[in-house]
Amino acid sequence: MNKKLIAPSLLAADFGNLQRDIEMVNKSEADWFHIDIMDGVFVPNISYGMPVLKAIAKHTDKPLDVHLMIVDPDRYIKEFAKLGADILTVHYEACTHLHRSLQAIKAEGMKAGVAINPHTSVDLLKDVINDIDLVLVMSVNPGFGGQSFIENTYKKIKRLKEIISMNNASTLIEIDGGVTDQNVKKLSKAGADVLVAGSFVFKAQNPTETIETLKKIANF
Ligand code: DX5
Ligand code: ZN
């Protein structure tokens, strides 16, 4: 089994103490920083944008896993590359020419991710699976942290695994939303490679230990 990765979502951090929270993640066993960019159009919420990403990049060497919940993301691909994004994930539902978006992300030297909403079938990615470095399966409706996990996600992971192996692809599966110590083992068993956790990490009494616990359970 490949090593399973933990990506704390900074959406749940304390923005008044952002540097402190970044340092906490730096010193923890976290593998990636998950950064949620929301535009108030694709999702009914606005998070943060370029200046905040720039500040995060300045304070960490861990990979920046940027999740764009914005319409027409092609407009900003070059800018996110300049800001230091390592993985850039666009939503299937926000891209009219998904294949073109994926090529544009890779041309900037980043890994290309595709996120799908809970209602979007993984089968829609069959024809581009070999072009995708990572599929982010939303296990809540995008826009907010702290929501409860949608159980149908397990079925989607299993089907996605089949599609990936049928095509001899090396695409990673990332799960985002409602991840806790209660579901991380089952998710990992089902085939998840990367687990995003926001509230469960940052609202914990000891976030560093919580990251360690999630990582241990995911790599049971
Ligand atoms: C939701 C975001 C998630 C969010 C997860 O739209 O994509 O990354 O921060 O938060 P939790 O772990 O609290 O569900
Ligand atoms: Zn996210």
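Helices (H or I, at least four residues) and strands (E, at least two) are DSSP runs, numbered from the N terminus. With that in hand, here is a friendly walk through the model above, starting with Asp 36, which is found in strand β2.

A word on conventions. Residues are numbered from 1 along each chain as its sequence is written, and chains are lettered from A and ligands numbered from 1 in the order in which they are written. The model is predicted, so local features need pLDDT of at least 70 and side-chain atom pairs count only at pLDDT 80 or more, while totals for chains, interfaces and linings use all residues.

## The annotated residues

UniProt, in an unreviewed entry, lists Asp 36 and Asp 176 under "active site"; its positions are given in the numbering used here, feature names are shortened, and annotations may be inferred rather than shown by experiment. The two span 141 residues in sequence, yet no two of their C-alpha atoms are more than 10.5 Å apart, so they gather at one spot. The "binding site" annotation, also from an unreviewed UniProt entry, covers His 34, Asp 36, His 67 and Asp 176. These are spread over 143 residues of sequence but cluster in space, with a largest C-alpha distance of 10.5 Å.

His 34 is in strand β2, and Asp 176 lies in strand β7 (residues 172–176). The table gives burial counts, where a residue is buried if 20 or more other C-beta atoms lie within 10 Å of its own, exposed if 12 or fewer, and partly exposed in between, with C-beta atoms placed from the backbone.

| Residue | C-beta neighbours within 10 Å | Class |
|---|---|---|
| His 34 | 28 C-beta atoms | buried |
| Asp 36 | 25 C-beta atoms | buried |
| Asp 176 | 25 C-beta atoms | buried |

Contacts here mean C-beta atoms, placed from the backbone, that lie within 7 Å. Leaving aside neighbours within four places in sequence, Asp 36 touches Ser 9, Leu 11, Ser 47, His 67 and Met 69. On the same basis, the contacts of Asp 176 are His 67, Leu 136, Met 138, Ser 139 and Val 196. His 34 has contacts beyond four places in sequence that include Ser 9, Asp 65, His 67 and Val 196.

## Strand β3 and its partners

Now to the strand that holds His 67. Six of the six residues of β3 (residues 64–69) are buried, so this strand is largely enclosed by the rest of the structure. In a regular strand the side chains alternate between the two faces of the sheet. In β3, Leu 64, Val 66 and Leu 68 point one way, and Asp 65, His 67 and Met 69 the other.

Two strands pair if DSSP finds at least two bridges between them. Strand β2 (residues 33–38) runs parallel to β3 and is joined to it by six bridges; Ile 35 has Val 66 as its bridge partner in β3. From β2 the chain passes through helix α2 (residues 50–59) to β3 in a right-handed β-α-β crossover, meaning that, with the strands pointing away from the viewer, the path from the first strand over the helix to the second runs clockwise.

On the β4 side, β3 pairs with strand β4 (residues 87–91) in the parallel sense over three bridges, and Asp 65 has Ile 87 as its bridge partner in β4. Together with helix α3 (residues 77–82), β3 and β4 make a right-handed β-α-β unit.

## Around ligand 1

Ligand 1 is surrounded by 21 residues, the closest being Ser 9, Leu 11, Gly 145, Gly 198 and Ser 199; a residue is near if its C-beta atom, placed from the backbone, lies within 6 Å. The elements giving two or more residues to this shell are β2, β8 (194–197) and α7 (199–202).

Note on methods:
Contact = placed C-beta atoms within 7 Å.
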